[in-house]
Amino acid sequence: MEYVTLSNGLKMPILGFGVYQVPDLAECERAVSDAIAVGYRLIDTAQAYQNEEAVGAAIKKSGLAREEFFLTTKIWISNAGYEKAKASLDESLRKLQTDYIDLVLIHQPFNDYYGSYRAMEEYYKAGKIKAIGVSNFYPDRLVDLALFAEIPPMVNQVETHVFNQQIEAQKVNSEYGVQLESWGPFAEGKNHFFTNETLVTIGKQYGKSAAQVALRYLVQRGIVAIPKSVHKERMAQNFDVFDFTLSDDDMDRIRQLDQKTSLFIDHHNPETVKFLANY
Ligand SMILES: NC(=O)c1ccc[n+]([C@@H]2O[C@H](COP(=O)([O-])OP(=O)(O)OC[C@H]3O[C@@H](n4cnc5c(N)ncnc54)[C@H](OP(=O)(O)O)[C@@H]3O)[C@@H](O)[C@H]2O)c1
């Protein structure tokens with residue numbers, strides 16, 4: 001495993017496992033247990049995924065020391081605000097069966113996220129959270145928070161994949177010492193992701209799949225990625241990206257796939273705000 005070092009010195013695995021859209025608790029626990037057996041140690045969940053207890057159970061059952069893991073959760077919009085965020089963090093700690101969470105993110109830039117952030121800063125100072133950050137913060141929101149928060153955000157998790165590469169956003173995040181983390185590293189298979197000709201052709205040179213090439217591209221850009229799969233053989237495939245290096249020419253070709261726009265959602269659209277507020 002390779003690691004990135006966050007602005008506060010904390011080491012974070014560059015590759016982890018995401019559990020969005022695995023709402024069935026038994027299925028989620030089984031998937032996380034499989035992921036742990038494959039070798040994943042970074043597990044990315046969220047209050048909104050409603051599966052934190054399954055993640056906690058799988059980690060407990062692994063028998064591995066808590067310090068082996070890097071656990072991420074996110075505060076949902078309905079839990080925003082200082083008091084509510086604190087109560088929700090206590091709930092997350094309970095469900096995850098842990099004394100501390102490695103990384104807590106504000107899930108969306110809506111509702112009273114400054115209040116949430118102050119709660120996160122307090123828990124950070126108390127050692128109950130090891131790193132704090134945000135998710136889905138476009139550069140303007142990110143810079144605002146970075147300028148005015150007491151403790152600057154350390155991570156920003158945003159949609160990042162070969163069709164929406166976040167080249168400019170990565171520069172802005174870096175300027176403020178913020179580590180970029182990719183959600184949807186396969187764009188959830190949209191746009192014929194897994195049969196993309198460029199990715200497949202490049203992969204053939206190395207005996208790798210399109211998925212592996214796409215993850216390797218993020219790793220070589222220094223971006224943390226958290227692919228999701230409920231299939232163990234795919235988990236293993238997605239984990240096996242540290243024994244080859246894409247050439248500069250491959251990197252250039254993949255850069256051409258960038259459409260510079262989301263395949264999912266526009267956080268500047270009022271309908272998005274309404275939709276997420278009711279989620
Ligand atoms: N912060 C946010 O707002 C936000 C939003 C979305 C996601 N996330 C996080 O990011 C994680 C990853 O994103 P995501 O789950 O949306 O999508 P993703 O990782 O881009 O794609 C997951 C999809 O790809 C399939 N898949 C995985 N590996 C494959 C492979 N090697 N070959 C073929 N198909 C493969 C999976 O199917 P199977 O499961 O059937 O194998 C699943 O349908 C989430 O789980 C979550 O932790 C965060």
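At what angle do the axes of helix H3 (residues 82-95) and helix H4 (residues 113-125) cross, and within what distance do they come? Keep in mind as you look that this is a predicted model.

**Stop 1: H3 and H4**

Select residues 82-95 and 113-125. The two axes cross at roughly 50 degrees and come within 7 Å. That angle makes H3 oblique to H4, and the crossing is right-handed. To see who does the touching, show side chains for Tyr82, Ala85, Lys86, Leu89, Asp90 and Leu93 on H3, then Gly115, Ser116, Arg118, Ala119, Met120, Glu122 and Tyr123 on H4. Color them by class and you should get seven nonpolar, two polar and four charged residues.

**Stop 2: Val104**

Leave Leu89 and Met120 displayed, and add Val104, which touches both of them. Val104 sits in strand E6, residues 101-106. Is Val104 buried or exposed? Its relative accessibility is 0%, so Val104 counts as buried. Leaving aside residues up to four places away in sequence, its other contacts are Thr73, Ile75, Ile129, Ala131, Ile132 and Gly133. If you want a ruler across to the next stretch of chain, draw a line from the C-alpha of Val104 to that of Ala146: the two are 42 residues apart along the chain and separated by 16 Å.

**Stop 3: H6**

Now go to helix H6, residues 167-175, and pick out its buried residues: Ala169, Gln170 and Asn173. They lie on the same side of H6, because they cover an arc of only 100 degrees around the axis. Here's the background: an α-helix has 3.6 residues a turn, so residues three or four places apart point the same way. Swing the view round to the other side of H6 and you'll find Glu168 and Glu175 exposed. What covers the buried residues? Turn on helix H5 (139-148), strand E8 (155-159) and strand E9 (179-183), which are among the elements that do it. Before moving on, click Gly177, just after H6, where phi is positive at about 70 degrees.

**Stop 4: H7 and H10**

Finish with another helix pair: select H7 (residues 197-206) and H10 (residues 248-255). Their axes are 10 Å apart and the packing angle is about 165 degrees, so H7 and H10 are roughly antiparallel to each other. This crossing is left-handed. From H7, show Thr198, Leu199, Thr201, Ile202, Gln205 and Tyr206; from H10, show Asp250, Arg253 and Ile254. By class, that contact has four nonpolar, three polar and two charged residues.

Conventions: Residues numbered from 1 in each chain as written. Predicted model: local features only at pLDDT ≥ 70, side-chain atom pairs only at ≥ 80, totals over all residues. Heavy atoms only, no water. Axes fitted to C-alpha atoms, helices over the stretch in contact; angles between N-to-C directions. Helix = DSSP H or I, 4+ residues; strand = E, 2+ residues; numbered from the N terminus. Parallel < 35°, antiparallel > 145°, perpendicular 65-115°, else oblique. Left-handed = near helix turned anticlockwise from the far one by under 90°. Contact = heavy atoms within 4.5 Å. Nonpolar A, V, L, I, M, F, W, Y, C, P; charged D, E, K, R; others polar. Buried < 20%, exposed > 50% of the residue type's maximum accessible area, 1.4 Å probe, protein only. Arc of directions from axis to C-beta.
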